[in-house]
Amino acid sequence: MAEARVKARKARKESPLAERFGVFAECLLTGVWIAVASLGVVTAPAAFAAGASHLRRRVRHERGGLREFVADFGAAFPGGALAGLAWWAAVAAVWVDVRAARAGLPGGPLVGAVGAAALIGLTVAGLRAAAVWTPGARWRSLVAEAGRRTVLDPAGSFLLVGGLAVVVLSGWFTPPLAVPVLGAVAGAAVAVEERRDLHRRR
């Protein structure tokens, strides 16, 4: 794939620096698309899947734009909505654990910490599943396989945790900045999965 990107870049007479800035700009634009598509709350997994698919096309120099993003979002929505509902159910469970911890119940702090860690792990697995989504893929299988990769590839998982932290901090200090950063997180998820595949082939 790397050789294909180099050949495509040469064919377009695009410098490496221009390509990197182009991908970065595309990530920011994709973040806006993801944010808009995530307004339905449970639609976030489908939005990230469509965004990741768009960024994969951009890196491979394949044609794609907003129309393809919308088509991918529609294809990812049925299973993605169920994944979104499951994630919000996990958020509700963690919220109950945190409330228990604040109420001073025995073992509350430990349960709250474990619940928060599990929620972070589930979020990272969801991002990794969205990064490899393709039309027709089953979300249950994608999330299960992504959960294994989350554990077996801690470096990539910690990278995504860092990306999520940047989104949270951006939203805390400058809310509008969190919107384009979502695209950077999607791009990081794609890069993490591409890196893992590259290492497996070596």
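**Exercise 1. The salt bridges around Arg-128 and Asp-153**

Which residue's side chain does Arg-195 meet in a salt bridge, and what is the N to O distance? Then place each partner in the predicted model and follow the pairs that Arg-128 makes.

Solution.

Step 1. The side chain of Arg-195 meets that of Asp-153, with N to O at 3.4 Å. Arg-195 lies in helix 8, whereas Asp-153 sits in the loop between helix 6 and helix 7, so this pair ties together parts that are 42 residues apart in sequence.

Step 2. Compare the two partners by accessibility. Buried means under 20% relative accessible area. Asp-153 has 8% and therefore counts as buried. Arg-195, at 32%, is partly exposed.

Step 3. Turn to Arg-128. Its side chain forms a salt bridge with Asp-153 at 2.9 Å, N to O. Arg-128 belongs to helix 5 (residues 108–131) and Asp-153 to the loop between helix 6 (139–152) and helix 7 (154–173), so parts 25 residues apart in sequence are tied together. Both residues of this pair are buried.

Step 4. Arg-128 also meets Glu-193 in a salt bridge, with 2.7 Å from N to O. Because Glu-193 lies in helix 8 (residues 178–201) and Arg-128 in helix 5, this pair links parts that are 65 residues apart in sequence. Glu-193 is buried, as is Arg-128.

Step 5. Put the pairs together. Arg-128, Arg-149, Asp-153, Glu-193 and Arg-195 form one network through salt bridges that share partners. The search of the whole structure finds six salt bridges.

**Exercise 2. The chain as a whole**

Work out how many helices and strands the chain has, and describe its burial, surface and contacts.

Solution.

Step 1. The chain contains eight helices and zero strands. Read from the N terminus, the order of elements is α-α-α-α-α-α-α-α.

Step 2. The chain has 202 residues, and 39% of them count as buried. The accessible surface is about 11600 Å², with 69% of this belonging to carbon and sulfur atoms.

Step 3. Take the contacts with a separation of 6 or more. Residues 24 or more positions apart account for 68% of them.

**Exercise 3. Helix 3 against helix 4**

Describe how helix 3 and helix 4 pack, and sort the residues of their contact by class.

Solution.

Step 1. Helix 3 covers residues 44–59 and helix 4 residues 66–102; their axes are 6 Å apart, at an angle of about 140 degrees. The crossing of helix 3 past helix 4 is right-handed.

Step 2. List the residues that meet. Helix 3 brings Pro-45, Ala-46, Ala-47, Ala-49, Ala-50, Gly-51, Ser-53 and Arg-57. Helix 4 brings Glu-68, Phe-69, Asp-72, Phe-73, Ala-76, Phe-77, Gly-80, Ala-83 and Gly-84.

Step 3. By class, ten residues of this contact are nonpolar, four are polar and three are charged.

**Exercise 4. Two residues in helices**

Decide for Ile-34 and for Val-161 whether the residue is buried, partly exposed or exposed, and name the residues that each touches.

Solution.

Step 1. Ile-34 is in helix 2 (residues 16–37). Its relative accessibility is 0%, so Ile-34 counts as buried.

Step 2. Leaving out residues up to four places away in sequence, Ile-34 touches Ala-47, Phe-48, Gly-51, Phe-69, Leu-182, Gly-183 and Ala-186. Two of these residues, Ala-47 and Gly-51, are also among the helix 3 residues that meet helix 4, and Phe-69 is among their helix 4 partners. The C-alpha atoms of Ile-34 and Ala-46 are 8.9 Å apart, with their positions twelve residues apart along the chain counted as separation.

Step 3. Val-161 lies in helix 7 and is partly exposed, at 29% relative accessible area. With residues up to four places away left out, Val-161 touches Ile-120 and Val-124. Val-161 and Val-124 are 37 residues apart along the chain, and 6.9 Å separates their C-alpha atoms.

**Exercise 5. Positive phi in two loops**

Give the phi of Val-41 and of His-61, and locate both residues.

Solution.

Step 1. Most residues other than glycine have a negative phi.

Step 2. Val-41, in the loop between helix 2 and helix 3, has a positive phi near 65 degrees. At 41% relative accessibility, Val-41 is partly exposed.

Step 3. His-61, in the loop between helix 3 and helix 4, has a positive phi of about 60 degrees. Its relative accessible area is 18%, so His-61 is buried.

Definitions and conventions: Residues are numbered from 1 along each chain as its sequence is written. This is a predicted model: local features need pLDDT of at least 70, side-chain atom pairs count only at pLDDT 80 or more; totals for chains, interfaces and linings use all residues. Side-chain values use heavy atoms; hydrogens and water are left out. Axes are lines fitted to C-alpha atoms, for helices over the stretch in contact, and angles run from 0 to 180 degrees between N-to-C directions. A crossing is left-handed if the near helix is turned anticlockwise from the far one by less than a right angle, and right-handed if clockwise. Contact means heavy atoms within 4.5 Å. Ala, Val, Leu, Ile, Met, Phe, Trp, Tyr, Cys and Pro count as nonpolar, Asp, Glu, Lys and Arg as charged, and the others, Gly among them, as polar. Buried means under 20% relative accessible area, exposed over 50%, partly exposed in between (1.4 Å probe, protein chains only). Accessible areas come from the Shrake-Rupley method with a 1.4 Å probe; for residues, only the protein chains shown count as cover. A salt bridge is a side-chain nitrogen of Lys or Arg within 4 Å of a carboxyl oxygen of Asp or Glu.
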